[in-house]
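Here is a friendly walk through one protein model, with the annotated sites and the aromatic rings as the main stops. Keep the structure open beside you as you read.

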Amino acid sequence: MAHDPAPAHGPGPRHVAIIMDGNGRWAQARGRPRLFGHHAGARRVREVVEACPDLGIKYLTIFAFSTENWKRTQVEVAGLMSLFRRYIAKETRALHARGVRVRFIGDRVRLDAKLIALMDTLEEQTRENDSVHLTIALNYGGRDEVARATRRLARDVAEGRLKPEDVDEETLPRYLDTRVLPDPDLVIRTSGEARISNFLLWQSAYSEYEFIDTLWPDFTAEELARLCQSYGSRDRRFGAVKA
C-alpha cells in the first residue's frame, strides 16, 4: 500500500458497509465505457480492504450487484458477471494471504454455475481467517433478503419447529443472509446520491450514514479514515436520552 492512513480517533466503527456508486459516471466523464469504471472500482476494493485493520474495522460489507441491476443493458450485466469471475479468481490468493474471510450474501439463483463455484471456493478457502470479514453483496436486495428470510421462518412455523408467538424482532435476524454478522455501525454511499437503494434495510436500522460526493473509483483509504474519525465523534444513543 502506497500510504498509511492514520487510525481513526475515538471509538471508530467495527462494521462498515459501503454502497459503491459512481463507477459508470466516473468512466463516462473520461470518455470511456461504463465497464471501464467498474474495473477501476474493483481495483479500489483492494485498497479499502487493506486499510481496514489499521482503522479498527473488523467487518466490511460492500454492495457489488443489486437485484435491480439486472435491468441494466445485457452488455453491462454480462461484463459485470465476467468482472466478478475474474476478480474472485485473481484476488483469492491475496485475500487469503491477508487473513481476510470472505462471505457472499444475496440470492444465487440467477448467477451462473461457474461464478457460484468460484464464490463457494473463496468462502471455503478463507473460512478460518479472522483479520477482516469481507462480505460481498451479490444479486442482493434488502427487501428480497427479508422476503426469503420470512419464507424460511414461515416454513419452520408450519413444520412445528417454531411457535408463532415466539416470533419477535430477535427471531427474523437469525434467518437473514447476515445472521452471523453484527449490524453495520456506519454505512457509506459514494457518488453524491442520498438514498440507501435497498441495502441492508433491516440491519441498518440504527446505523450512521455518510453520503459523500466522491465517485467510488476515486475513494481512498484516507477518506475512509476521515469518515471513521467523524463517526467516532458522534453521540449514538439508540433512541435513549442520556441523563
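Helices and strands here are DSSP runs, numbered from the N terminus, where a helix (H or I) needs at least four residues and a strand (E) at least two. With that in hand, S191 can be placed in the loop between β5 (186-189) and β6 (208-211). Please bear in mind that this is a predicted model.

**The annotated positions**

UniProt, in an unreviewed entry, places the feature "active site" at D21 and N69. These positions span 49 residues in sequence, yet no two of their C-alpha atoms are more than 12.2 Å apart, so they gather at one spot. Both D21 and N69 are included in the lining of the largest pocket. The record, again as an unreviewed entry, also gives the feature "binding site" at D21 and E208. Of that second set, the lining of the largest pocket includes D21.

Where do these residues sit? D21 is in the loop between β1 (15-19) and α1. N69 belongs to the loop between β2 (59-66) and α3 (74-97). E208 has its place in strand β6.

Are they buried or exposed? The cut-off for buried is under 20% relative accessible area. D21 has 17% relative accessibility, so it counts as buried. N69 is buried too, with a relative accessible area of 14%, and E208 is buried at 18%. S191, the loop residue we started with, is buried with a relative accessible area of 6%.

**Who touches whom around D21**

Which residues does D21 contact, leaving aside its neighbours within four places in sequence? They are R189, T190, S191, E193, L215 and W216. Two of these partners also appear in side-chain polar contacts: the D21 side chain meets that of R189 at 2.9 Å and that of S191 at 2.8 Å.

S191 has a further side-chain polar contact, with the side chain of R25. Not counting residues up to four places away in sequence, S191 touches D21, G22, R25, I212, D213, T214 and L215. L215 is therefore on the contact list of D21 and also on that of S191, if you would like a residue to look for from both sides.

Over at N69, a polar atom of the side chain lies 2.8 Å from the backbone nitrogen of S66. The polar contacts between side chains are gathered here.

| Side chain | Partner side chain | Polar contact |
|---|---|---|
| D21 | R189 | 2.9 Å |
| D21 | S191 | 2.8 Å |
| S191 | R25 | 2.9 Å |

**The aromatic rings**

How many aromatic pairs does the structure hold? There are eight. In one of them, the rings of W26 and F36 have centres 5.7 Å apart and planes at 15°, so the pair is stacked. W26 lies in helix α1 (residues 23-28) and F36 in helix α2 (residues 34-55), so this pair ties together parts that are ten residues apart in sequence. W26 is buried, with a relative accessible area of 10%, whereas F36 is partly exposed at 25%.

Another stacked pair is formed by W216 and F219, with 5.3 Å centre to centre and 20° between the planes. W216 counts as buried at 1% relative accessibility, and F219 counts as buried at 0%. You have already met W216 as one of the residues in contact with D21. Elsewhere, ring pairs link F63, Y140 and F199 into a cluster.

Charged side chains join in as well. The charged end of R32 sits over the ring of F36, 3.9 Å from its centre. F36 thus appears as the stacking partner of W26 and as the ring beneath the charge of R32. In a second example, the charged end of R110 sits over the ring of W70, 4.1 Å from its centre.

Definitions and conventions. Residues numbered from 1 in each chain as written. Predicted model: local features only at pLDDT ≥ 70, side-chain atom pairs only at ≥ 80, totals over all residues. Heavy atoms only, no water. Phe/Tyr/Trp six-rings, centres within 6.5 Å; stacked < 30°, edge-to-face > 60°. Buried < 20%, exposed > 50% of the residue type's maximum accessible area, 1.4 Å probe, protein only. Lys NZ or Arg CZ within 6 Å of the ring centre and 35° of its normal. UniProt positions renumbered as here; feature names shortened; annotations may be inferred. 1 Å grid on protein atoms, 1.4 Å probe; cavity = no way out; pocket = protein on both sides within 12 Å on 5 of 7 lines; lining within 4 Å. Contact = heavy atoms within 4.5 Å. Polar contact = N/O pair within 3.5 Å; in protein donor to acceptor, adjacent residues only side chain to side chain.
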